[in-house]
Amino acid sequence: NSKKDSYQIKRMCDLASAYKNVNAPKGLEIANTALNISIKNHWTKWIAHSFFIKAQILATLGNYPESISNFNQSIASFSKLKDGNSIAEATIGLSDVYSSQGQFTKTLELIYKSLSLAEKNKNYILIAKSYQKIGNALNSIGEGKNAIKNYLKAKKFYEELKDSSKLGDLY
C-alpha cells in the first residue's frame, strides 16, 4: 500500500532527525535507507525530505561538502514540487552550513533568498527565523547596528506569532 509505505518513510525521516544529536551515524543510516526507498518508488516529496535530513546530520558531523550537496539536492527536489516553504527552510539550513564555516557573505545571500520565499508565501515563522539568522550573520561580521535591526524585526514577528520560545534566542 503506497500510503502506508509513504507513512513509514515519514516515520524513518522523523527517527533519523531525532537521532541527529544523539547518534548521528545511526540517523544517517536511517536517512539513507529512507532516501533509497524513496528513490526506488519515485516519491519526490520523500526524496526531498530524506536529502534534507541527511544534510542536517552531515552538518552535525562536520561533513560540510556532503551536507551542502544534500541540501542542494533537497532544494532541487522541493523545487520540483513547487514547495516554497520547504525550499526556504532548506535554504536556511544550507545557510547554517556556510555560517559554520565562517562564509558569512554566502550565508547572507542564502538567508535573503529564504526571506524572500518566506515573504512570498506569507510564512511568518520563516520570516522571523530569517531575520534572526540575518542578525546572527551580521553580528558575526561586526555589523552590530544592522544585526540589532534584524533581531528587532524577528522579535516583532515572534511576538505577533505569540512564540515566546524563540524570544530568548534573541537576547
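**Chatting through an all-helix model**

Q: Let's start with isoleucine 125: is this residue buried or exposed?
A: Isoleucine 125 is exposed, because its relative accessible area comes to 51%, and anything over 50% counts as exposed. Keep in mind that this is a predicted model.

Q: Thanks! Which helix does isoleucine 125 lie in?
A: Isoleucine 125 belongs to helix α7, which covers residues 124–140.

Q: And which residues form a nonpolar patch on the surface with Ile125?
A: Tyr124 and Leu161 do; together with Ile125 they offer about 270 Å² of accessible area.

Q: Let's zoom out. How many helices and strands does the protein have?
A: There are 8 helices and 0 strands. Along the sequence the pattern reads α-α-α-α-α-α-α-α. The radius of gyration is 17 Å, close to the 16 Å that the globule rule gives for 171 residues, so the protein is as compact as a globular protein of that length.

Q: What does the C-alpha trace span along its principal axes?
A: About 55 × 30 × 25 Å.

Q: How much of the protein is buried?
A: Buried residues account for 44% of the 171 residues. As for the outside, the protein exposes about 9,300 Å², and carbon and sulfur atoms supply 51% of that.

Q: What about contacts between residues 24 or more positions apart?
A: Those make up 47% of the contacts with a separation of 6 or more.

Q: Now α3. What should its residues span, and what is the distance between its end C-alpha atoms?
A: Helix α3 runs over residues 44–60, and at 1.5 Å a residue its 17 residues should span 24 Å. Its end C-alpha atoms are 24 Å apart, which agrees.

Q: Which residues in α3 are buried?
A: Quite a list: Trp46, Ile47, Ala48, Ser50, Phe51, Phe52, Ile53, Lys54, Ala55, Ile57 and Leu58. Note that Lys54 is one of them.

Q: What covers those buried residues of α3?
A: The cover includes α1 (2–19), α2 (24–40), α4 (64–80) and α5 (84–100).

Q: And which glycine follows α3?
A: Glycine 62, whose phi is positive, near 80°.

Q: Switching to serines. Where does serine 38 lie, and is it buried or exposed?
A: Serine 38 is in helix α2, and it counts as buried because its relative accessibility is 0%.

Q: What does serine 38 touch, leaving out residues up to four places away in sequence?
A: Its contacts are Ile9, Trp43, Trp46, Ile47 and Ser50. Among these, Trp46, Ile47 and Ser50 are buried residues of α3.

Q: How about serine 95: which helix is it found in, and what does it touch?
A: Serine 95 sits in helix α5. Not counting residues up to four places away in sequence, it touches Thr107, Leu110 and Ile111. At 1% relative accessibility, serine 95 counts as buried.

Q: What separates the C-alpha atoms of serine 95 and isoleucine 125?
A: A distance of 17 Å, with the two residues 30 apart along the chain.

Q: On to charges. How many salt bridges are there?
A: The count comes to 8 salt bridges. One of them pairs lysine 10 with aspartate 14, with the closest N and O atoms 3.1 Å apart.

Q: Why are lysine 10 and aspartate 14 about one helical turn apart?
A: Because they are 4 residues apart in helix α1. In general, an α-helix has 3.6 residues a turn, so residues three or four places apart point the same way.

Q: How exposed are lysine 10 and aspartate 14?
A: Lysine 10 is partly exposed, with a relative accessible area of 31%, and aspartate 14 is partly exposed at 35%.

Q: Which residues are linked in a network of salt bridges?
A: Lys10, Arg11 and Asp14.

Q: Which salt bridge does lysine 26 make?
A: Its side chain meets that of glutamate 29, at 3.7 Å from N to O. These two are 3 residues apart in helix α2, which means a separation of about one helical turn. Glutamate 29 is partly exposed at 46% relative accessibility, and lysine 26 is partly exposed at 31%.

Q: Last one: what does lysine 156 pair with?
A: Lysine 156 forms a salt bridge with glutamate 160, the closest N and O atoms being 4.0 Å apart. Both lie in helix α8 (residues 144–160), 4 residues apart, about one turn of the helix. Lysine 156 is partly exposed at 47%, whereas glutamate 160 counts as exposed at 53%.

Terms used
Residues numbered from 1 in each chain as written. Predicted model: local features only at pLDDT ≥ 70, side-chain atom pairs only at ≥ 80, totals over all residues. Heavy atoms only, no water. Patch = residues over 30% accessible without salt bridge, like charges linked within 9 Å, V, L, I, M, F, W, Y side chains within 5 Å. Areas by Shrake-Rupley, 256 points an atom, 1.4 Å probe, with all protein chains shown as cover. Buried < 20%, exposed > 50% of the residue type's maximum accessible area, 1.4 Å probe, protein only. Expected span 1.5 Å × (residues − 1). Contact = heavy atoms within 4.5 Å. Rg over C-alpha atoms; globule rule 2.2 N^0.38 Å.
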